[in-house]
Amino acid sequence: MRLLFLLERRNTMVKGLYIHIPFCHQICHYCDFNKVFFKDQPVDAYIDSLGKELALWKQEGALDKPLETIFLGGGTPTSLDPDQLKKLLGYIHEYVPMAEKLEWTSEANPDELTKEKMEVLFAGGVNRLSMGVQTFDADLLQRLGRTHSNQDVHRAVKEAREVGFTNISFDLMYGLPGQTMAQWEDTLKQAFAFDLPHFSAYSLIIEPKTVFYNLMTKGKLNAVTEDLEADMYEKLMAEMEQRGLKQYEISNFGRPGFQSRHNLIYWDNEEYIGAGAGAHGYVRGIRYSNAGPLKKYMGPLDEGNRPLLSTHEVPMNEQMEEEMFLGLRKTAGVSLAHFQEKFGRSLEEVYGEIIAAEIGKKNLAIEEGRIKLTKHGRFVGNEVFEKFLLA
Ligand code: SF4
């Protein structure tokens with residue numbers, strides 16, 4: 001596979017870089033991400049492996065043009081100590097050309113985000129923090145397996161502002177086991193008190209191999225009803241709108257100029273490099289994933305090889321599917337003209353019948369040359385997206 005990349009040293013369309021830090025000091029009860037307990041892991045060697053992976057991308061010509069976004073995710077990037085963070089940022093600066101108006105995000109757990117780490121991140125160029133807050137209800141936090149407190153969130157935001165961060169986002173969750181509407185309203189109220197420019201809010205999804213999944217199979221989860229979850233989503237959208245936090249994606253809200261440019265790369269179906277254990281990327285029309293277990297990720301890199309688990313050259317029909325089910329996540333939807341320009345076929349020609357049926361069900365609408373989910377459609381988004389699979 002590496003040969004293929006080497007042979008294809010043509011210009012890439014890569015716009016962003018995702019870097020996966022798979023370490024966590026605690027494991028949350030709902031989480032199915034690729035992560036491991038921090039303790040006893042080869043963290044420094046892993047950072048060196050990330051450096052080697054970036055060096056390979058550079059060598060193969062995929063890092064020739066300045067990138068517009070970088071995103072440190074996980075796991076938890078803030079599980080790294082200040083020296084490890086410095087080392088990581090050093091590798092990124094060594095290999096990654098950056099656009100002048102770069103958006104550089106780091107995910108962060110409030111309790112781990114010390115002022116010293118924030119100073120390292122900020123001095124290294126990180127200009128956006130995405131904090132995993134989830135809820136302001138202490139009991140629910142505990143049930144989720146989170147270790148931070150509300151005080152941690154207050155301290156972290158205060159210190160982040162002192163350090164110089166202005167672009168701060170909270171991740172929130174709703175539809176949590178046993179969560180009431182009053183608790184959700186209170187979390188929203190407390191979150192808004194921080195006067196942040198961006199929020200992401202996700203409904204809980206119970207994934208296999210999680211503590212919550214085990215509880216569910218034993219009938220002990222106390223899951224919320226679908227109706228309550230839908231009411232919570234409705235409440236979320238109304239409250240955000242009232243505060244000028246414009247919904248620009250199913251789960252994302254921001255003030256003008258504060259949309260997550262990195263996540264928009266995914267929803268715009270554009271190309272990005274994913275580096276790190278278990279990371280996914282999309283480069284030169286090929287979607288790939290890296291090996292997830294640390295040894296399987298680090299071993300090939302020690303030999304100068306890419307740690308690939310899978311590669312898939314995306315054929316045209318799949319590109320069109322992805323354009324639709326990623327693009328329809330955005331409130332702005334999919335531009336009819338852009339689709340035509342990108343694929344040489346009109347949306348009407350490829351998806352005419354499906355679009356007509358979904359407009360009939362009031363799930364989709366066409367406005368100003370764009371096709372988008374209606375407010376009603378946002379509640380049944382996944383059902384609508386499935387219709388766009390060209391089997
Ligand atoms: S949710 Fe985040 S912090 Fe919690 S276990 Fe998963 S990756 Fe780690």
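Into which domains is the protein divided? In this predicted model, there is domain 1, running over 2-266, and domain 2, covering 332-391. The close-ups below start with the ligand, move on to where the domains meet, and finish with some backbone details.

**View A. Here's the ligand with the residues around it.** Three cysteines sit in this shell: Cys-24, Cys-28 and Cys-31. Also around the ligand are Gln-26, Ile-27, Tyr-30 and Phe-33. Further along the chain numbering, Gly-75, Thr-76, Asn-109 and Arg-146 complete the set. Sort the shell by class and you get six nonpolar residues, four polar ones and one charged.

**View B. This one looks at domain 1 and domain 2 where they touch.** Measure from C-alpha centre to C-alpha centre and the two domains are 29 Å apart. The contact itself involves six residues on the domain 1 side and five on the domain 2 side. Interface size is often quoted as the accessible area lost when the parts come together. For this pair of domains, about 510 Å² is buried, and carbon and sulfur atoms supply 72% of that. On the domain 1 side, Tyr-233, Met-237 and Ile-250 give up the most area to domain 2, together making 63% of what that side buries.

**View C. Same interface, now with an eye on polar pairs and on helix α9.** Hunting for salt bridges between domain 1 and domain 2? The count is zero. What does turn up between the two domains is one residue pair in polar contact. Helix α9 (residues 226-242) brings four residues, the largest share of the domain 1 side that touches domain 2. By class, that side of domain 1 splits into four nonpolar residues, one polar and one charged.

**View D. Lys-87 and Asp-44 pair up in a salt bridge.** Side chains of opposite charge can pair when their charged atoms come close. Here the N to O distance is 3.7 Å. Lys-87 belongs to helix α3 (residues 82-95) and Asp-44 to helix α2 (residues 43-59), so this pair, 43 residues apart, links distant parts of the chain. The structure as a whole holds 22 salt bridges.

**View E. Gly-74 and Gly-75 are joined by a cis peptide bond.** Most peptide bonds are trans, and most residues other than glycine have a negative phi. The Gly-74 to Gly-75 bond has omega near 25 degrees. Gly-75 lies in the loop between β4 (67-74) and α3, and also turns up among the residues around the ligand.

**View F. Asp-195 has a positive phi, and so does Lys-362.** Neither Asp-195 nor Lys-362 is a glycine. For Asp-195, phi is about 55 degrees, and the residue is in the loop between α7 (181-192) and β8 (198-203). For Lys-362, phi is about 65 degrees, and you'll find the residue in the loop between α14 (347-360) and β16 (364-367).

Methods:
Residues are numbered from 1 along each chain as its sequence is written. This is a predicted model: local features need pLDDT of at least 70, side-chain atom pairs count only at pLDDT 80 or more; totals for chains, interfaces and linings use all residues. Side-chain values use heavy atoms; hydrogens and water are left out. A residue is near a molecule or strand if one of its heavy atoms lies within 4 Å of it. Ala, Val, Leu, Ile, Met, Phe, Trp, Tyr, Cys and Pro count as nonpolar, Asp, Glu, Lys and Arg as charged, and the others, Gly among them, as polar. Domain bounds come from an automatic or database domain assignment. Contact means heavy atoms within 4.5 Å. Buried area is the accessible area (1.4 Å probe) that two parts lose on being put together, summed over both. A salt bridge is a side-chain nitrogen of Lys or Arg within 4 Å of a carboxyl oxygen of Asp or Glu. A polar contact is a pair of N or O atoms within 3.5 Å; within protein, one must be able to donate a hydrogen and the other to accept it, and residues adjacent in sequence count only if both atoms are side-chain atoms. Helices (H or I, at least four residues) and strands (E, at least two) are DSSP runs, numbered from the N terminus.
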